[in-house]
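Reader: Could you walk me through how to read helix packing and burial in a model like this?

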Amino acid sequence: MAELQEVQITEEKPLLPGQTPEVAKEAELAARVLLDQGQTHSVETPYGSVTFTVYGTPKPKRPAILTYHDVGLNYKSCFQPLFQFGDMQEIIQNFVRVHVDAPGMEEGAPVFPLGYQYPSLDQLADMIPCILQYLNFSTIIGVGVGAGAYVLSRYALTHPDTVEGLVLINIDPNAKGWMDWAAHKLTGLTSSISEMILGHLFSQEELSGNSELIQKYRNIIAHAPNLDNIELYWNSYNNRRDLNFERGGDITLKCPVMLVVGDQAPHEDAVVECNSKLDPTQTSFLKPGKLTEAFKYFLQGMGYMASSCMTRLSRSRTASLTSAASVDGNRSRSRTLSQSSESGTLPSGPPGHTMEVSC
């Protein structure tokens, strides 16, 4: 249960008896290659087993980047395009990454038996301390999308001392109202689970265009061998509680937060509302630009990226959402994480406290 600690490499580690420097160097290289390829672990929690994959070597005095994916995806389909992008290499070389798969979402996961009680999103958040304890990590920078953004936010509310920063993409912190529930039930009568989840991941305009990307994700979800598991995660998301954020109140995120949403994306209004409820001195809401550069800037603001490695970045504030919307009305738009992560660009979104990225 301690593979990660046993293969961690430090410069001061003495040679084993009879071991030559050449053999030690080869062993160190092999261990590093093993870590860079990703090591998958499972740990038991009070709410069942959870699987996660670790990339890279832990860095002294640096948090781990911990990701949590959205409904209908797993860590690979949600985050690999982003983290494999060339401009992200500088980041991944400086941080160990922990990619969490929600229960039953990992590749090859067996279908849960009939009647299985899937964890709530609050319970998924309560699994994270077991992961950090297993890895002996004290703090994280969380990167979450959709349902995963909610899970990481809930975790940050209950364990604020262990979260140094959050990147929340397409977060909806609100519980479903009765009108939302009625619409959801009516949609369920005429649409399959896979189509409902696609409506959560993409805008109606994108779905109507039926691009190659849409077809790809429609095929992935509709033919997923664990579709029954995906439906359980989807149900937990739709039964989420309100996070009850309150600007200036006791219930708030106390770490730096970067909010990301695509312009006219399904969750645009929810993210705008979330931005209005968080501390404006701690929260950044992004205009269009490169997601990779914005992420670097975010880490730099936390003291983890040297300014010399950054391109020119400027910060701007806007007087109101209305005036900014009129100025930005003719801007070309990139709406979803799935599209933006493959190109390294940042989805456009309404400004609040904004960060404008120039490359």
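Author: We'll start with the whole chain and then turn to two helix pairs and one residue.

Author: This is a predicted model, where local features need pLDDT of at least 70 and side-chain atom pairs count only at pLDDT 80 or more, while totals for chains, interfaces and linings use all residues. Residues are numbered from 1 along each chain as its sequence is written, and side-chain values use heavy atoms, with hydrogens and water left out.

Reader: What does the secondary structure of the chain come to?

Author: Helices (H or I, at least four residues) and strands (E, at least two) are DSSP runs, numbered from the N terminus. Here you get 15 helices and 10 strands.

Reader: How much of the chain counts as buried?

Author: Buried means under 20% relative accessible area, exposed over 50%, and partly exposed in between, using a 1.4 Å probe and protein chains only. Of the 359 residues, 51% are buried.

Reader: How do I read the angle between helices α5 and α6?

Author: Fit axes to C-alpha atoms, for helices over the stretch in contact, and take the angle from 0 to 180 degrees between N-to-C directions. Under 35 degrees is roughly parallel, over 145 roughly antiparallel, 65 to 115 roughly perpendicular, and the rest oblique. Helix α5 (residues 121–135) and helix α6 (residues 147–158) cross at roughly 65°, their axes coming within 8 Å, so the two are roughly perpendicular.

Reader: Which residues of α5 and α6 make the contact?

Author: Contact means heavy atoms within 4.5 Å. From α5 come Leu121, Asp122, Leu124, Ala125, Ile128, Pro129 and Leu132, and from α6 come Ala147, Tyr150, Val151, Leu152, Arg154 and Tyr155. For classes, Ala, Val, Leu, Ile, Met, Phe, Trp, Tyr, Cys and Pro are nonpolar, Asp, Glu, Lys and Arg charged, and the others, Gly among them, polar. That splits the α5 and α6 contact into 11 nonpolar, no polar and 2 charged residues.

Reader: And at what angle do α8 and α11 pack?

Author: Helix α8 (residues 193–201) and helix α11 (residues 227–238) pack at about 50°, with axes 11 Å apart. That makes α8 oblique to α11. Ile193, Met196, Ile197 and His200 of α8 meet Ile230, Glu231, Trp234 and Tyr237 of α11, giving 6 nonpolar, 1 polar and 1 charged residues.

Reader: Is Ser194 buried or exposed?

Author: Ser194 lies in α8 and is buried, with a relative accessible area of 8%. Leaving out residues up to four places away in sequence, Ser194 touches Ile221 and Ala222.
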